[in-house]
Amino acid sequence: MKTMMRRAACALVLAAVAAPVFAQDYPTKPIKLVVPYAPGGGADSVARIVAKKVSENIGQAIVIENKGGAGSIVGTDLVAKAEPDGYTLLLGQSGPISINPAVYKSLPYDPVKDFAPVTMTTAYPYVLVVNSESPAKTLQEFVALAKSKPGTMNYGSTGVGAANHLVAELFASKAGLKMTHVPYRGTALAVGDLVAGTLNVVFGDPISVLPHIKSGKLRALAVTSLERSPVAPEVPTVAESGYPGFEALAWHGILAPAKTPPAVVKKLNAEIVKALADPATKALLVNQAMQTVGNSPEAFAAFIQKDIATWKAVAAAANVTVE
C-alpha cells in the first residue's frame with residue numbers, strides 16, 4: 001500500500017513538473033485549427049488570416065482543416081473530443097457555441113464543459129436593413145410601420161434557428177412586433193429578396209449588406225452592437241434608437257479542448273492577441289468587416305456563458321427548436 005501511495009505521489013509531482021515544461025516547449029509540431037464550415041466563408045477567412053500571423057510568430061505551421069456539416073456540429077464535436085494537448089484547436093463562432101445549445105434539443109458536445117476558451121478574435125454586429133424604397137427612414141419609423149400592420153411584415157434569415165433568426169426574434173420581442181419569419185439557405189438569398197422587395201427586413205452581416213447599402217439598394221436603420229460599428233459609423237445602434245442595452249453580436253474565437261494545460265492556453269492567448277494587434281493582420285480583418293477583440297481566456301469564458309443564456313431565453317420565448 002505504501003509503495004502504491006509513493007508511486008501515486010511521484011506521478012503527481014512529475015505531472016506538475018511536466019506541465020510547465022511542456023508549455024515552455026510548446027509548440028513543437030504543426031497545430032491543426034478546425035473550422036466547422038466550408039472554405040470561403042467569414043469564419044474560414046478569420047481562421048486563415050489569424051493563423052498566418054500566429055504561425056509566423058511561433059515558427060510552426062497552423063493547418064486549417066474545414067469540417068463543415070450538420071449546422072457546424074461535426075467540426076465542433078471533433079475538437080471537443082480531441083486530445084487536450086494544444087495541437088487541435090477550434091475556430092468557434094456564435095452559431096455552434098452560443099446558438100446551437102439554444103435551439104437543438106441535444107448536442108454531442110457541451111459548449112461550456114468540453115472547451116477551454118482561449119480568446120475571442122473578432123466580432124461584428126448585425127445590420128438591420130430595409131429596401132431603399134421602404135417608407136421607414138429610421139428604426140422608430142420602421143417599428144411604427146410594423147405596428148400599424150401587425151403580422152403582415154416579414155423578415156428573412158439564414159434558416160430556422162440561425163443566429164439572425166434569433167436576433168430578429170429578440171428585437172421583435174423588445175419592440176413588441178409581430179412579424180413573419182421567412183427562412184432561406186443563406187444570407188445572400190435573403191438579401192437578394194430584400195433588394196427585390198419580396199422581404200421587408202433582414203438582420204444581415206456587414207460584409208453581405210454593406211455593398212447594397214453603398215449602392216443605394218438597401219437602407220441601414222440600425223446596428224445591433226452597443227456602440228456604433230467602425231464599418232458603418234453613420235448608422236445608429238438599436239440601443240440609441242430607443243432600446244437601451246440592446247446588444248446582439250456575432251463573434252469568432254479560438255477554443256481548445258477542455259483539460260488543455262492552462263499554461264498552454266495562456267501561451268496561445270498571448271500569441272493570438274499579439275497577432276490581432278499586428279497592423280497588417282488587423283487591416284485584413286477590418287476589410288472583412290470584422291472588429292478585432294483579443295480578450296483574456298477568463299473574459300471570453302464569461303462572455304460565452306452570458307451569450308448562451310441570452311439565446312436560450314430568446315429561443316424559449318419564441319419557441320424555436322431544431323430537431
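The legends below describe close-up views of a predicted model.

**View 1. Phe 171 and Phe 203 form a tilted aromatic pair.**
The structure holds eight aromatic pairs. In the pair shown here, the ring centres of Phe 171 and Phe 203 are 6.0 Å apart and the planes meet at 55 degrees, so the pair counts as tilted. Phe 171 belongs to helix H6 (residues 163-175) and Phe 203 to strand S8 (residues 201-204), so the contact between the rings ties together parts that are 32 residues apart in sequence. Phe 171 is buried, at 0% relative accessibility. Phe 203 is also buried, at 1% relative accessibility. Ring pairs link Phe 171 and Phe 203 with Tyr 243 and Phe 246 into a cluster.

**View 2. Trp 251 and Phe 300 form an edge-to-face aromatic pair.**
A pair of aromatic rings is described by the distance of the centres and the angle of the planes. For Trp 251 and Phe 300 the distance is 5.4 Å centre to centre, with 90 degrees between the planes. Trp 251 lies in strand S10 (residues 249-257) and Phe 300 in helix H11 (residues 297-318), so this pair ties together parts that are 49 residues apart in sequence. Both Trp 251 and Phe 300 are buried.

**View 3. The charged end of Lys 29 sits over the ring of Tyr 87.**
The distance from the charged end of Lys 29 to the centre of the Tyr 87 ring is 4.7 Å.

**View 4. Helix H7 (residues 187-196) has buried residues on one side and exposed residues on the other.**
The buried residues of H7 are Thr 187, Ala 190, Val 191 and Leu 194. They cover an arc of only 95 degrees around the axis, which means that they lie on the same side of H7. An α-helix has 3.6 residues a turn, so residues three or four places apart point the same way. The other side of H7 carries Ala 188, Leu 189 and Ala 196, which are exposed. The buried residues of H7 pack against strand S5 (127-131), strand S6 (154-157), S8, helix H8 (206-215) and strand S9 (218-223). Just after H7 comes Gly 197, with a positive phi of about 95 degrees.

**View 5. Six strands make an open sheet with mixed pairing.**
The order of the strands is S2-S1-S3-S10-S4-S11. Strand S2 (62-66) and strand S11 (291-292) stand at the edges with a single partner strand each, so one side of each has no neighbour in the sheet. Strands S4 (residues 115-125) and S11 run antiparallel and are joined by two bridges. Thr 122 stands opposite Thr 292 in S11.

**View 6. Helices H2 and H4 lie across strands of the sheet.**
Helix H2 (residues 42-58) lies across strand S1 (31-35), S2, strand S3 (88-93), S4 and S10. The angle between H2 and S2 is about 165 degrees. Helix H4 (residues 94-103) lies across S3, S4 and S10, and runs at about 60 degrees to S3.

**View 7. The peptide bond from Tyr 26 to Pro 27 is cis.**
Omega of this bond is near 0 degrees. Pro 27 is part of the loop between helix H1 (2-25) and S1. Most residues other than glycine have a negative phi, and most peptide bonds are trans.

**View 8. Ala 289 and Asn 319 have positive phi values.**
Ala 289 is not a glycine, yet has a positive phi of about 65 degrees. Ala 289 is placed in the loop between helix H10 (279-287) and S11. With a relative accessible area of 7%, Ala 289 is buried. Asn 319, likewise a residue other than glycine, has a phi near 55 degrees. Asn 319 is found in the segment after H11. With a relative accessible area of 64%, Asn 319 is exposed.

**View 9. Lys 312 of helix H11 touches Pro 101 and Ala 102.**
Lys 312 is partly exposed, with a relative accessible area of 42%. Residues up to four places away in sequence are not counted in its contacts. The C-alpha atoms of Lys 312 and Ser 98 are separated by 8.5 Å, although these residues are 214 residues apart along the chain.

Definitions and conventions:
Residues are numbered from 1 along each chain as its sequence is written. This is a predicted model: local features need pLDDT of at least 70, side-chain atom pairs count only at pLDDT 80 or more; totals for chains, interfaces and linings use all residues. Side-chain values use heavy atoms; hydrogens and water are left out. Rings of Phe, Tyr and Trp (its six-membered ring) pair if their centres lie within 6.5 Å; planes under 30 degrees apart count as stacked, over 60 as edge-to-face and the rest as tilted. Helices (H or I, at least four residues) and strands (E, at least two) are DSSP runs, numbered from the N terminus. Buried means under 20% relative accessible area, exposed over 50%, partly exposed in between (1.4 Å probe, protein chains only). A charge sits over a ring if NZ of Lys or CZ of Arg is within 6 Å of the ring centre and within 35 degrees of the ring normal. The arc is that of the directions from the helix axis to the C-beta atoms. Contact means heavy atoms within 4.5 Å. Two strands pair if DSSP finds at least two bridges between them. Axes are lines fitted to C-alpha atoms, for helices over the stretch in contact, and angles run from 0 to 180 degrees between N-to-C directions.
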